[in-house]
Amino acid sequence: MTVVTTERLILRDWTDEAADLARIYDIYRRPEITRWLGVSPGLPMTEPGQAAERLRMWRDRHAADAGRYGTWAIEVRETGVVAGTALLKPLPGRDESQLTDDIEVGWHLHPDSWGHGYATEAARALIVREFATGTPEIYAVVSPGNEPSMAVCRRLGMAHVGQRTDWYGGEVLETFVLAAPAA
């Protein structure tokens, strides 16, 4: 299912087709990506079968969200190549069992898709879509030292509000926020 489209991208559900599972594995097996994802069990992936497990986890996580929140494939329209993952979801609190009212936008791109503006374009589309629901502000949380992701936050017009430990089990995260435009 297509979630949103932009000039160059299609954000859609990940599928259990072989090409999607291979791409999930190829993205999340890479230390240059997973090193920024904090304490995340099962990462980096060490064998291709873990991609199906990860897809199931994403589907379970968002099963009750009626498509509003999710973890989606970012597909490049021109080539059909999946550049990576975009996500929009409530942030988990310090205990990680309870979701907060704070909404997170995020992205994880394959290295072959870095430097093309795909993360910014995908995140911007999700932000616009979420603001249309009445959400007052959207967060991006970034591991300290992840300069490329912090640059994406700045390109999105997000304000850096320092390091916070409100979410993901108290992990120290660079926090960026964007308020909804005035009506």
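Q: Let's start with Thr 85. Is it buried or exposed?

A: The idea is to look at how much of a residue's area is left accessible: under 20% relative accessible area, we call it buried. Thr 85 has 0% relative accessibility, so it counts as buried. Keep in mind that this is a predicted model, so we're reading a computed picture.

Q: Which element holds Thr 85?

A: Thr 85 sits in strand β4, which covers residues 82-92.

Q: And what does Thr 85 touch?

A: To read this, skip the close neighbours along the chain and see what remains. With residues up to four places away set aside, Thr 85 is in contact with Trp 14, Tyr 28, Trp 58, Thr 71, Trp 72, Ile 74, Gly 106, Trp 107, His 108 and Leu 109. There's a polar contact too: the side chain of Thr 85 pairs with the side chain of Tyr 28 at 2.9 Å.

Q: Ile 74 is in that list. Where is its place?

A: Ile 74 belongs to strand β3, residues 70-76. With 0% relative accessibility, Ile 74 counts as buried. Its contacts beyond four places in sequence include Leu 9, Ile 10 and Leu 11, along with Val 82, Ala 83 and Thr 85. Leu 109 and Ala 122 are among them as well.

Q: How far apart are Ile 74 and Ser 143, in sequence and in space?

A: Here you read two distances side by side, one along the chain and one through space. Ile 74 and Ser 143 are 69 residues apart in sequence, and their C-alpha atoms are 22 Å apart. Now try another pair: Ser 149 and Ala 119 are separated by 30 residues in sequence and by 8.6 Å in space, C-alpha to C-alpha.

Q: Tell me about Ser 149. Which helix is it in?

A: Ser 149 is part of helix α5, residues 147-155. Its relative accessibility is 13%, so Ser 149 counts as buried. Not counting residues up to four places away, Ser 149 touches Trp 107 and Val 142. With Trp 107 there is a side-chain to side-chain polar contact at 3.1 Å.

Q: How do I read a whole helix, say α1? How many of its residues are buried?

A: First, the general idea: an α-helix has 3.6 residues a turn, so residues three or four places apart point the same way. Next, count the buried ones. In helix α1 (residues 18-28), eight of the 11 residues are buried, so the helix is largely enclosed by the rest of the structure.

Q: Which residues are those, and what do they pack against?

A: The buried residues of α1 are Asp 20, Leu 21, Arg 23, Ile 24, Tyr 25, Asp 26, Ile 27 and Tyr 28. They pack against β2 (9-13), α2 (31-34), α3 (50-62), β4 and β5 (99-109).

Q: Helix α3 came up there. What does the side chain of His 62 pair with?

A: His 62 is found in helix α3, and with a relative accessible area of 10% it is buried. The side chain of His 62 makes a polar contact with that of Thr 71, at 3.0 Å. Setting aside neighbours within four places, His 62 is in contact with Tyr 69, Gly 70, Thr 71, Leu 88 and Lys 89.

Q: What about the backbone? Which peptide bond is cis?

A: For this you check the omega angle. The bond from Leu 43 to Pro 44 is cis, with omega near -5°. Pro 44 lies in the loop between α2 and α3.

Q: What is the phi of Ala 66?

A: Ala 66 has a positive phi of about 55°, although it is not a glycine. Ala 66 is in the loop between α3 and β3, and it is exposed, with a relative accessible area of 81%. Tyr 168 also isn't a glycine and has a positive phi, about 45°. Tyr 168 lies in the loop between β7 (159-164) and β8 (173-179) and is partly exposed, at 23% relative accessible area.

Q: Now zoom out. How many helices and strands are there in the chain?

A: The chain has five helices and eight strands. From the N terminus they run β-β-α-α-α-β-β-β-α-β-α-β-β. The radius of gyration is 15 Å, close to the 16 Å that the globule rule gives for 183 residues, so the chain is as compact as a globular protein of that length. Buried residues make up 48% of the 183.

Technical notes: Residues are numbered from 1 along each chain as its sequence is written. This is a predicted model: local features need pLDDT of at least 70, side-chain atom pairs count only at pLDDT 80 or more; totals for chains, interfaces and linings use all residues. Side-chain values use heavy atoms; hydrogens and water are left out. Helices (H or I, at least four residues) and strands (E, at least two) are DSSP runs, numbered from the N terminus. The radius of gyration is taken over C-alpha atoms; the globule rule is 2.2 Å times the number of residues to the power 0.38. Buried means under 20% relative accessible area, exposed over 50%, partly exposed in between (1.4 Å probe, protein chains only). A polar contact is a pair of N or O atoms within 3.5 Å; within protein, one must be able to donate a hydrogen and the other to accept it, and residues adjacent in sequence count only if both atoms are side-chain atoms. Contact means heavy atoms within 4.5 Å.
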